[in-house]
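Q: I should like to learn how to read this structure feature by feature. May we begin with a single residue and then move outward to the whole chain?

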Amino acid sequence: MYFGNVLNGKPLLVVPEAKFVVDVQVAHFDSNDFDAPAGAMFLIEDQLHLAILTGHSGTRTVNLETGGFSKVHDLHRYVWFSGWQLHSPDINGKWIPICEYKLPDKRIS
């Protein structure tokens, strides 16, 4: 684990070949008065960031490349996705989803 990442001291399952796949049918643009719901996936510049709940500071975003907290505070400027999957290759090399997440409709603004 990297020093200062949000998973310090927590168990972590590592799947090195895994990749995130966002659902472009649930992409959201130009959200005013925006509060990032936990589970939302953001495309910030060319990297994916995930909104998570923290115990002391509410919702924050994590850079999925580095594992550290994002330094971006104006999330309303970026496209975000309310659905995504984590894919990994099976024994034959075919990419299959191993995890899927969709925000409930009532959380989407």
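Q: Does Glu45 count as buried or exposed?

A: The model is a predicted one, and the accessibility discussed here is computed from it. A residue counts as exposed when its relative accessible area is over 50%. Glu45 has a relative accessibility of 68%, and therefore counts as exposed.

Q: Where in the chain is Glu45 found?

A: Glu45 belongs to the loop between E3 and E4. These two strands form a hairpin with two residues between them. Although Glu45 is not a glycine, its phi is positive, at about 55 degrees.

Q: What pattern do the elements follow along the sequence?

A: The pattern reads β-β-β-β-β-β-β-β. In total the chain has eight strands and zero helices.

Q: In what order do the strands of the open sheet stand?

A: The general idea comes first. Strands of a sheet pair through backbone hydrogen bonds, in either a parallel or an antiparallel manner. In this structure, five strands make an open sheet with antiparallel pairing, in the order E2-E6-E3-E4-E5. E2 and E5 are the edge strands; each has a single partner strand, so one side of each has no neighbour in the sheet.

Q: How many bridges join each pair of strands, beginning with E2 and E6?

A: E2 pairs with strand E6, residues 79-81, over two bridges in the antiparallel sense. Within this part of the sheet, Ala27 lies opposite Phe81 of E6. E6 also runs antiparallel to E3, to which three bridges join it. Here Met41 is the residue that stands opposite Phe81.

Q: How many bridges are there between E3 and E4?

A: Strand E3, residues 41-44, and E4 are paired over four bridges, again in the antiparallel sense. Met41 has Leu50 as its bridge partner in E4.

Q: Over how many bridges do E4 and E5 pair?

A: Strand E4 covers residues 47-54 and strand E5 residues 58-63, and the two pair antiparallel over six bridges. A hairpin of three residues connects E4 to E5. One pair of bridge partners in these strands consists of Ala51 and, in E5, Thr61.

Q: Which residues make up the largest nonpolar core?

A: In soluble globular proteins, nonpolar side chains tend to be buried together. The largest nonpolar core here has nine residues: Ala36, Ala40, Phe42, Ile44, Ala51, Leu75, Tyr78, Trp80 and Leu103. There is also a second, separate core of five residues, among them Met41, Val79, Phe81 and Trp84.

Q: Which residues is Tyr78 in contact with, leaving aside its neighbours within four places in sequence?

A: With those neighbours left aside, Tyr78 is in contact with His28, Phe42, Leu43, Ile44, Glu45 and Val72. Two residues of this list, Phe42 and Ile44, belong to the largest nonpolar core, as does Tyr78.

Q: Does His28 count as buried or exposed?

A: His28 counts as buried, because its relative accessibility is 15% and the cut-off for burial is under 20%. This residue lies in strand E2, residues 27-28. The side chain of His28 reaches the backbone oxygen of Val26 at 3.1 Å.

Q: Where is the place of Leu64, and what does Leu64 touch?

A: Leu64 sits in the loop between E5 and E6. With a relative accessibility of 31%, Leu64 counts as partly exposed. Not counting residues up to four places away in sequence, Leu64 touches Phe20, Met41, Leu48, His49 and Leu50. Leu64 and His49 illustrate how sequence and space may be compared: they are 15 residues apart in sequence, and their C-alpha atoms are 5.5 Å apart.

Q: What percentage of the residues of the chain count as buried?

A: Of the 109 residues, 30% count as buried. The accessible surface of the chain is about 7600 Å², with 54% belonging to carbon and sulfur atoms. Of the contacts with a separation of 6 or more, 50% are between residues 24 or more positions apart.

Q: Which elements have the lowest and the highest mean pLDDT?

A: Where pLDDT is low, the predicted coordinates should not be read in detail. Among the elements of this chain, E2 has the lowest mean pLDDT, 84, and strand E7, residues 83-89, has the highest, 93. The average over the chain is 80, and 79% of the residues score at least 70.

Definitions and conventions: Residues numbered from 1 in each chain as written. Heavy atoms only, no water. Buried < 20%, exposed > 50% of the residue type's maximum accessible area, 1.4 Å probe, protein only. Polar contact = N/O pair within 3.5 Å; in protein donor to acceptor, adjacent residues only side chain to side chain. Core = buried A, V, L, I, M, F, W, Y, C linked by side-chain atoms within 4.5 Å. Contact = heavy atoms within 4.5 Å. Pairing = 2+ DSSP bridges. Areas by Shrake-Rupley, 256 points an atom, 1.4 Å probe, with all protein chains shown as cover. pLDDT = per-residue confidence, 0-100.
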